[in-house]
Amino acid sequence: MADLTKRTEMALLDADIRKTSFDEVALGYTESEAIAEAKRCLNCKNHPCVGGCPVGINIPEFIAYVANGDFASAYEVLSESTSLPAVCGRVCPQESQCEKYCVRGIKGDAVAIGRLERFVADWNRKNNKNKVSKPLPNGHKVAVVGSGPSGLACASHLAKMGYDVTVYEALHIPGGVLSYGIPEFRLPKSIVKYEIDALCALGVKIETNVIIGKTVLIDELFSDFGYEAVFIGSGAGLPKFMKIPGESLKGVFSANEFLTRINLMGANRLSSDTPIFRPKKCVVVGGGNVAMDAARCAKRLGADVKIVYRRTKAELPARLEEVEHAEQEGIEFLLLTNPVMINGDENGFVRSIVCRKMKLGEPDASGRARPYEIENSDFSIDADAVIMALGTSPNPLIASTTYGLETEKFGGICTDEVGKTSKDNVFAGGDAVTGAATVILAMGAGKKAAAEIDRVLNSK
Ligand code: FAD
Ligand code: SF4
Ligand code: SF4
């Protein structure tokens, strides 16, 4: 008899193969694996898992359909709440969201909700089951700034209510971080494109290469283009640096630049027009998903890679799964370690990075133990590239060109809990409001704002 306390394993691409390949690492469930995992769900009456999902997917209902082998109905349940199930099933930090509240998790493994969501979305895509019926137009026009998860979720929910929605995107490819940040081996770009194409089939228009705040101002979207409401989902794409000596040497990159060259411009392919530095010895500074992605990309370009992080493994903000995959691929973690200086040669190229050992003290404002430097503990690591993955903040362009749009000190746009900003009929959500967070929180904010836009425009 199957051990129902354990979740069904998912096959992975072999670690030796994936060190040199950008192919997807997690291979997904087969039909029989998905059914076996779905049968672990207890269909709890008060379904606590749903409360852990920012877009409120009816988890027990879609899982019950999977358990019965009715994958098409499972997909319909997902579609009621999310426009990006194949994406969320892959990159959501499920362990700290829906799965964290799963009753099965009390005495064993939580039901693998994310893997099941991914399975259903993939099954639907492979079987080409998308049935799109364009809703009747309701005569209202809304503009969305940014085509990341928050903008796409807002656009999708508005389009389903009959709004005429146009998404303006600064880059030449839509998707935000899903396209330019998260690498192919975690989130294949064909899947992002498929889910965005499904939105376009609903009637959402996407205009790329338009920088709102430069090409067109927010006020002009109302006065010249006739929009009645604007949602700002412009993300938090401005990288942070450490301000240590040597950061302007050749070979120091922000993780965002490094990842964008690979993910958006295909610089990992030798045939690409976009150049990329192929390091031999690369140090990545940081411990979040961005650091793991940058390190794993550098590994695939042929580098020996070390991750330097100033706290311990327990505090790494990255998803556990990503840390494990990085370790399997041979990436070394230097924990309780903090860079203090980068050294270069006479031509200005990075040659080494000097780090200091740290110890943990009392918790700081973030609730995590505060790291302290250990005196006389400096040591040097040979490196020809240093990638800074220290977090990002919202770009000030839109706030600085929009009269009356209030922002927080860190640059996030001020909103109430339903996404209303200080400016009439301007809404915002996702990383542009919170600073760097997660895909599903951004989607939840986009969905909430769509409901509020509908309420405001209808009450007029
Ligand atoms: P974004 O995804 O940043 O999208 C904003 C879009 O707005 C961009 O396309 C940008 O070009 C566009 N834009 C900006 N300014 C303008 C302008 N002025 N005019 C027009 N367009 C504009 N989260 C997870 O949940 N799981 C993960 O595994 C994960 N991994 C990550 C890995 C990396 C490398 C990064 C960088 C982030 C990761 N995140 C992850 C975080 C997650 O991707 C973000 O929280 C999420 O994408 C935020 O969505 P958003 O819509 O607010 O912004
Ligand atoms: Fe869980 Fe994310 Fe799916 Fe919601 S969208 S059910 S949080 S995996
Ligand atoms: Fe199923 Fe877990 Fe949700 Fe209960 S809490 S309905 S077991 S997924």
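The exercises below concern the ligands and cavities of this predicted model.

**Exercise 1. Find which cavities the structure holds and describe the lining of the largest one.**

Step 1. Two cavities of 30 Å³ or more are present in the structure.

Step 2. The largest cavity contains about 110 Å³ of space. It is lined by 15 residues, and those closest to its centre are Cys41, Cys44, Cys49, Cys102 and Val103.

Step 3. Assign the lining to elements: α3 (48–51) and α4 (59–67) are those that give two or more residues. The largest share, three residues, is from α4.

Step 4. Sort the lining of the largest cavity by class: 12 residues are nonpolar, two are polar and one is charged.

**Exercise 2. Locate ligand 2 and describe the residues around it.**

Step 1. Ligand 2 takes up the space of the second largest cavity. The volume of that cavity is about 100 Å³.

Step 2. Of the 14 residues lining the second largest cavity, Cys53, Cys92, Cys98, Glu117 and Ile440 lie nearest its centre. By class, this lining has nine nonpolar, four polar and one charged residues.

Step 3. Now take the shell of ligand 2, using a cut-off of 4 Å between the ligand and a heavy atom of the residue. The shell includes the cysteines Cys53, Cys88, Cys92 and Cys98, and also Glu117 and Ile440. Its classes are eight nonpolar, three polar and one charged.

Step 4. Helix α7 (residues 113–126) gives the most to this shell, with three residues. The largest share of the lining of the second largest cavity, three residues, is also from α7.

**Exercise 3. Describe how the protein surrounds ligand 1 and which polar contacts it makes.**

Step 1. Ligand 1 is surrounded by 34 residues, and Val91, Ser150, Glu169, Arg186 and Ile212 are the closest. By class, 18 residues of this shell are nonpolar, 12 are polar and four are charged.

Step 2. Trace the shell to its helices: α8 (149–160), α13 (289–300) and α17 (439–459) supply at least two residues each. The largest share, three residues, belongs to α13.

Step 3. List contacts to oxygen atoms of ligand 1. A side-chain N or O atom of serine 150 is 2.8 Å from an oxygen atom of the ligand. From the backbone, a polar atom of alanine 437 is 3.2 Å from a ligand oxygen atom, and an N or O atom of glycine 176 is 3.5 Å from one.

Step 4. Consider the burial of ligand 1: taken alone, ligand 1 exposes 1000 Å², and the protein buries 93% of that.

Technical notes. Residues numbered from 1 in each chain as written. Chains lettered and ligands numbered in written order. Predicted model: local features only at pLDDT ≥ 70, side-chain atom pairs only at ≥ 80, totals over all residues. Heavy atoms only, no water. 1 Å grid on protein atoms, 1.4 Å probe; cavity = no way out; pocket = protein on both sides within 12 Å on 5 of 7 lines; lining within 4 Å. Sits in = over half its atoms within 2 Å of the grid points. Helix = DSSP H or I, 4+ residues; strand = E, 2+ residues; numbered from the N terminus. Nonpolar A, V, L, I, M, F, W, Y, C, P; charged D, E, K, R; others polar. Points joined across faces, edges and corners; volume = space filled by probe spheres on them. Polar contact = N/O pair within 3.5 Å; in protein donor to acceptor, adjacent residues only side chain to side chain. Areas by Shrake-Rupley, 256 points an atom, 1.4 Å probe, with all protein chains shown as cover.
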